[in-house]
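Please open the structure in your viewer and keep the sequence beside it, so that you can make each selection as the tour reaches it. The stops go from a ligand site to helices, then to sheets, and at last to the chain contact and two further ligands.

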Amino acid sequence: MTAATPAEKLGAKPAHVPNRKARADVNALKTRERGIWAANRYLILRRLSQALVVALFLTGPLFGVWIARGTLASSMTLDMLPLTDPLMLAQMLAAGHWPEGLALIGGAIVALFYALVSGRAYCAWVCPINPVTDLAHWTRQKLGIQSKGWQPRKETRYFVLGMVLATAAATGTIAWELVNPITIAFRAVVFGATAGLTIVIGVFLFDLVVARRGWCSHLCPVGAFYGLVGSKALLKISAVNRTACDDCMDCFAVCPEPHVITPALRGAPAGASPIVAARDCTTCGRCIDVCSQDVFRFTHRFDPRTTDPAPAVTPTREAV
Amino acid sequence: MSSQPQKPAGLMTPDRRKFLENAARGVAACAAVGALLATHAEQSQALPVQALRPPGALPEKDFLAACVRCGLCVRACPYDTLKLASLGVDHVATGTPFFVARKVPCEMCDDVPCVGACPTGALDHAVKKIDQAHMGTAVLVDEENCLNFLGLRCDVCYRVCPAIDKAITLEKESNTRTKKHARLIPTVHAEFCTGCGKCEKSCVLTEAAIKVLPLKTARGELGAHYRLGWEEYKKHNGPLVDGIIDLPDRAPDMVAPPAAPAPGDPAPFKPLDLNGGFKP
Ligand code: SF4
Ligand code: SF4
Ligand code: SF4
Ligand code: SF4
């Protein structure tokens, strides 16, 4: 590998990043130069999207205007669109029940959507736990907590996913749902089952104190599942403008899965694609937000455009 | 670790060893957590006795395999009967729908909208009419406090029952305390009782004397080999075994012997010689 690792590049400290180690200043530069909106566009859009999902389920109980009924596990929107979490279906099948009713159709629709668009867009744009773990990470940065704490391997989530299906098969019940923080959090908000918030607080403290990005980036079987579903999804981030990277490392600091950035961002010397192809990428767009050099953009997985100087992968078009 | 040059291939290259070690560790850790979860899942199958499942719910174990905890049944219920269990507090498997009859009973909607809304069949779609449902069965558990048993006329459970005169009847018997009045005993017929809980909800006592209990708790079951003689008689239009001699009935002197039994009636109960039994 000829490309410098992020750690090596960290040595060449550009002058405009005053204190890189504490990382409490992440995104400070772009915010200063371009304003809060430009520096947080996708973050704000994601929070709106997550809030919208909950709101669609809440207009009914709160105002009697029914848009979506049910929960993320299975829902009915406008009395015509059934949606079901395919992982829930998989657990049900593992537990030995063949569904009757709309669950199969709903599951197919959801699986198809994430398979085409972006698997872990579920994490970044829908999941109610994401704001919680993001908050934990933000708090870490604000407190200047340096230690990463316990860091289980990234692949651990696939073992957890296997465990979820295995316990369903072994007990003949959907055992994981007894403790799944995602559905528990969602029901706490939408059905007022607020006792479940204890487990949500548990996830927050786990990420804050025990393991940096511990839940979503290492353990969560739901994120692992959607990552697998979206292995070949179309919506991708591209480090299209990677030559402009000034090594401020802000993208690595904000990305929940920083290992996905390296091959794309540092891949120019090897002629690698600028597409952030790894299925762990949540397509949250936070890297686009914080990059003061506009290196990143949303695109589709077959978009080979870069602004790499010499042997560009294709004839350059103007990348914006 | 050896400092000699590594062989490029082999059964246990350092990479593969590392991979296998990590995999083994992951599997072991998840197996441990999974075992805990499975234990918890087994314990969560015990439904508290006052928690009733919605109409059409599959038997508890199958229900817990099928229900995705979506709450669509809860949303479909116009009477806010159903609730989703909250983590820990309700002692019902987290997120699953249930109701407590004494709080809000099932109003027995004709078309059972909760069942229709269920996307998984955890509520059996074969239940198209509410009278097919058996969420539990009412049992008059406290004969010592039930007002009708005390000889008063309350009848409230009987009157509120949507299946009045089928699921509950009032059976007349003599009041042995006053020696001149009747007692009207509320009597549940489980075949027709849906377990809606309206009777339990309406019982006028501080604590209901009639309660809807899960079928498993409330009902006995005849052994599969049991035959009820009188029914067999009807089926075969005659006794199953020919040549059974019907012995004369005995009764205390004061009481007139009952009318001669119809042919095929079971032989009357004959007490053993009590003197020959256990002596302290
Ligand atoms: S990793 Fe899991 S908890 Fe985190 S956002 Fe994705 S689905 Fe939600
Ligand atoms: S039958 Fe009607 S009242 Fe009873 S649980 Fe279903 S929806 Fe609710
Ligand atoms: S609608 Fe069916 S799957 Fe959903 S919570 Fe009710 S019983 Fe469970
Ligand atoms: S639960 Fe009570 S009110 Fe409901 S059908 Fe049975 S006897 Fe009648």
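Which residues are found around ligand 1? Bear in mind while you look that this is a predicted model. Select ligand 1 and then, in chain A, Arg120(A), Tyr122(A), Cys123(A), Cys127(A), Ile129(A) and Asn130(A), and add Ile182(A), Trp215(A), Cys216(A), Cys220(A), Val222(A) and Gly223(A), which together are the residues around this ligand. Colouring this shell by class shows nine nonpolar residues, two polar ones and one charged one. If you switch to a cartoon view, the elements that give two or more residues to the shell are α5 (121-126), α10 (214-219) and α11, each of them in chain A.

**Two helix crossings in chain A**

Keep α11 on screen, which covers residues 221-229 of chain A, and add helix α7, residues 156-171 of chain A; the axes of these two helices come within 8 Å and cross at roughly 100 degrees. That angle makes α7(A) roughly perpendicular to α11(A). To see where they touch, show the side chains of Arg157(A), Tyr158(A), Val160(A), Leu161(A) and Val164(A) in α7(A), which meet Pro221(A), Ala224(A), Phe225(A) and Leu228(A) in α11(A). Sorted by class, the residues of this contact are eight nonpolar, no polar and one charged.

Next select helix α2 (residues 28-63) and helix α8 (residues 181-190) of chain A, whose axes come within 10 Å and cross at roughly 40 degrees. On the side of α2(A) the contact is made by Val53(A), Val54(A), Phe57(A), Leu58(A) and Pro61(A), while α8(A) brings Phe186(A), Val189(A) and Val190(A). Here the division by class gives eight nonpolar residues, with no polar and no charged ones.

**Two sheets in chain A**

Move on to the open sheet of three strands in chain A whose order is β1-β2-β3, with antiparallel pairing. At its edges stand β1 (68-71) and β3 (81-84) of chain A, each with a single partner strand, so one side of each is left without a neighbour in the sheet. Neighbouring strands of this sheet are turned against each other by 10 degrees on average, with direction ignored. For a detailed view, select β1(A) together with strand β2 (residues 74-77) of chain A, which are joined by four bridges and run antiparallel. Within this pair, Thr71(A) has Ser74(A) in β2(A) as its bridge partner.

Then find the open sheet of three strands with the order β5-β4-β6 in chain A, where the pairing is antiparallel. Its edge strands are β5 (275-276) and β6 (297-300) of chain A, each of which pairs on one side only. Strand β4 (residues 235-238) of chain A is joined to β5(A) by two bridges, and the two strands run antiparallel. Zoom in on Ile237(A) and you will find Val276(A) in β5(A) standing opposite.

**Between the chains**

How many residues of chain A are in contact with chain B? Show both chains and select the contact, in which 43 residues of chain A meet 41 residues of chain B. The area buried between the two chains is about 3,200 Å², and carbon and sulfur atoms give 69% of that area. Highlight Glu100(A), Phe159(A) and Leu178(A), which supply 21% of the area that chain A buries against chain B, more than any other three residues.

**Two further ligands**

Finally, select ligand 3, which is surrounded by 14 residues, the closest being Cys67(B), Cys70(B), Gly71(B), Cys73(B) and Cys118(B). By class, this shell has eleven nonpolar, two polar and one charged residues. Ligand 4 is surrounded by 13 residues, of which the closest are Cys161(B), Cys193(B), Cys196(B), Gly197(B) and Cys199(B). The shell around ligand 4 divides into nine nonpolar, three polar and one charged residues.

Definitions and conventions
Residues numbered from 1 in each chain as written. Chains lettered and ligands numbered in written order. Predicted model: local features only at pLDDT ≥ 70, side-chain atom pairs only at ≥ 80, totals over all residues. Heavy atoms only, no water. Near = heavy atom within 4 Å. Nonpolar A, V, L, I, M, F, W, Y, C, P; charged D, E, K, R; others polar. Axes fitted to C-alpha atoms, helices over the stretch in contact; angles between N-to-C directions. Parallel < 35°, antiparallel > 145°, perpendicular 65-115°, else oblique. Contact = heavy atoms within 4.5 Å. Pairing = 2+ DSSP bridges. Buried area = accessible area lost by both parts, 1.4 Å probe.
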